[in-house]
Amino acid sequence: MAQEQIAVIVLAAGMGTRMKSSLPKVMHRLAGRPMINHLLETVQVLAPERVVAVIGPDMPQVAAAVAPHPTVVQAERLGTGHAVGQARAALAGFAGTVLILYGDTPLLGADSLAAMLDRRRGGPTPPAVVVLGFRPVDPGHYGRLLTGPEGLEAIVEYKDATAEQRAVGLCNSGVMAVEAARLFGWIERLSNDNAKGEYYLTDIVALARADGLSCGYVEGAEAELLGVNSRVELAAAEAVVQTRLRRAAMENGATLTDPASVHFAWDTRLGQDVVVGPHVVFEPGVTVGDRVEIRSFCHLEGASVAADSIVGPFARLRPGATVGEGAHVGNFVEIKNATLETGAKVNHLTYVGDARIGAGANIGAGTITCNYDGFAKSFTDIGAGAFIGSNSSLVAPVKVGDRAVVGAGSVITREVAAGALAVARGTQMELSGWADRFRTRKQAETADKKKD
Ligand code: UD1
Ligand code: MG
């Protein structure tokens with residue numbers, strides 16, 4: 001039998017009032033990207049035929065995050081069953097399995113989804129509905145799965161459940177795999193005659209059973225089914241994601257000396273034999289080559305670091321920083337939108353912005369590229385093998401040629417030719433014996449005052 005087609009509906013119409021935020025809940029970030037994008041990436045491994053998200057009114061940012069997948073708007077929040085109903089037109093002509101996910105359950109693993117789809121296909125009478133259940137330590141207010149000899153019989157919402165039903169430990173994660181051909185027929189038959197006055201998606205299980213069809217469930221782990229409803233739960237989900245990312249980094253051949261203090265973004269890429277010291281933060285868009293050492297307390301974002309280089313401690317790589325092979329970026333150095341070519345060294349207390357530092361060039365302590373005049377950014381170009389003396393200001397746009405030397409403390413405003421020395425600072429003068437004469441005079445004046 002040909003592999004059955006999958007369509008995915010993600011429910012994300014809720015604002016998430018308990019987040020106390022002007023941002024829709026699914027736009028809150030985990031490892032640097034909105035939680036709904038974590039979910040969308042996870043479902044990609046199933047190669048779905050189509051994906052549609054149900055969003056609330058006035059959520060253009062969610063629509064943008066979901067794009068190129070389409071979104072449909074649920075104008076009134078009448079329940080999860082009603083929300084699924086909004087996707088009917090978007091699923092027109094689809095005949096396979098519909099996977100329904102909740103946008104606030106972002107840690108869901110692809111393995112659980114695959115297990116659900118296997119269950120949907122399995123056996124002589126494949127179940128029309130498969131639910132992903134779990135047994136949380138505290139079942140709290142989750143819906144409960146009611147099972148019988150023939151599998152899943154019904155899902156009862158906590159508010160509607162009897163004391164006996166509330167004692168059931170097997171809970172509804174919200175994830176469902178449903179036969180497309182029957183889904184919307186059941187959605188039409190849902191009633192809102194229940195404790196919340198909502199159209200519950202969960203009631204389709206009882207409807208399927210009433211139609212004489214079987215329903216099944218598989219069990220997932222609590223950690224992947226954690227729902228994010230508050231900032232506290234968001235932090236708990238972040239911790240789970242960070243643990244996964246740290247483990248993946250180490251499994252891929254990076255050493256993290258103190259994994260718990262390293263924060264990754266969802267897309268951080270580390271090469272082999274990279275060593276990351278304690279308290280390093282990777283924001284999105286960072287790529288690190290083989291054998292790079294990122295020493296403690298560095299902050300990297302939108303940067304690429306080529307093989308064999310050393311960054312930090314206490315370095316900041318901002319978007320557009322490109323560190324070439326074997327280059328060194330030392331303490332209290334900030335690099336933004338600038339390229340350090342092979343073997344270049346910027347070791348101490350320096351700002352390099354909108355610049356190219358040629359291969360093997362050495363930038364002295366306290367050098368500043370003055371790239372901004374309050375209106376526009378300008379470029380500084382430093383040639384290969386150049387040497388910039390400490391405490392120099394390079395007023396952009398400006399160019400320093402290959403192998404040129406800039407004397408310490410210079411303010412460079414004009415091009416320096418290749419191989420030349422440029423010194424641009426006050427000339428040193430010396431008055432012989434002046435300090436001694438000054439001290440003698442002052443001491444005498446002080447002694448006179450004391451006598452008065
Ligand atoms: C739901 C389940 C419950 C399950 C729990 C797991 C139902 C009736 N109940 O309860 O069995 O244990 O999730 O976390 O489904 N949404 C919409 N439109 C709506 C209502 C909800 O898009 O009209 C979206 C929300 O944005 C959210 C998801 O659906 O992403 C779940 O809604 P929520 O209100 O959180 O359901 P629970 O009460 O948690
Ligand atoms: Mg919920």
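Begin by selecting ligand 1: the space that this ligand takes is the largest pocket. The model on display is a predicted one, and every stop below refers to that prediction.

**The ligand and its shell**

Display the residues around ligand 1. There are 21 of them, and the closest are Q74, T80, Y102, E157 and N172. Sorted by class, this shell comprises 8 nonpolar, 9 polar and 4 charged residues. Colouring by secondary structure helps at this point: β1 (6–12), α3 (80–85) and β10 (171–179) each contribute at least two residues to the shell.

Which residue places a polar side-chain atom 2.7 Å from an oxygen atom of ligand 1? Select E157, which makes this approach. Next, select K196, where a polar side-chain atom lies 3.1 Å from an oxygen atom of the ligand. Then turn to G79, whose approach involves the backbone: one of its N or O atoms there is 2.8 Å from an oxygen atom of ligand 1. With these three residues in view, switch on a surface for the protein. On its own, ligand 1 has 760 Å² of accessible area, and the protein covers 88% of it.

**The largest pocket**

Hide the ligand and keep the space that it takes. This pocket has a volume of about 1400 Å³. How many residues line the largest pocket? The lining consists of 45 residues, with R18, Y102, D104, K196 and N229 lying nearest the centre. Two of these names have already appeared on the tour: Y102 is among the residues closest to ligand 1, and K196 has a polar side-chain atom 3.1 Å from a ligand oxygen.

Now select β1, α3, β10, α8 (222–225) and α9 (231–251), each of which supplies at least two residues of the lining. Of the elements, β10 gives the most, with 3 residues. By class, the lining is made up of 17 nonpolar, 17 polar and 11 charged residues.

**The second largest pocket**

Move on to the second largest pocket, which has a volume of about 350 Å³. It is lined by 14 residues; to find its centre, select R33, H38, E41, T42 and R244, the closest to that point. Two elements, α1 (35–44) and α9, give two or more residues to this lining. Helix α9 therefore deserves a second look, because it supplies at least two residues to the lining of the largest pocket and two or more to that of the second largest, an element being a run as assigned by DSSP. The lining of the second largest pocket divides into 8 nonpolar, 3 polar and 3 charged residues.

**Backbone details**

The last stops concern backbone geometry. Most residues other than glycine have a negative phi, and most peptide bonds are trans. Select A31, in the loop between β2 (29–30) and β3 (33–34). This residue is not a glycine, yet its phi is positive, at about 45°.

Proceed to G312 and P313, where the peptide bond is cis, with omega near 5°. P313 belongs to the loop between β20 (310–311) and β21 (315–317). Finish at A396 and P397, which are joined by a cis peptide bond with omega of about 5°. The loop that holds P397 runs between β29 (393–395) and β30 (398–400).

Terms used:
Residues numbered from 1 in each chain as written. Chains lettered and ligands numbered in written order. Predicted model: local features only at pLDDT ≥ 70, side-chain atom pairs only at ≥ 80, totals over all residues. Heavy atoms only, no water. Near = heavy atom within 4 Å. Polar contact = N/O pair within 3.5 Å; in protein donor to acceptor, adjacent residues only side chain to side chain. Areas by Shrake-Rupley, 256 points an atom, 1.4 Å probe, with all protein chains shown as cover. 1 Å grid on protein atoms, 1.4 Å probe; cavity = no way out; pocket = protein on both sides within 12 Å on 5 of 7 lines; lining within 4 Å. Sits in = over half its atoms within 2 Å of the grid points. Helix = DSSP H or I, 4+ residues; strand = E, 2+ residues; numbered from the N terminus. Nonpolar A, V, L, I, M, F, W, Y, C, P; charged D, E, K, R; others polar. Points joined across faces, edges and corners; volume = space filled by probe spheres on them.
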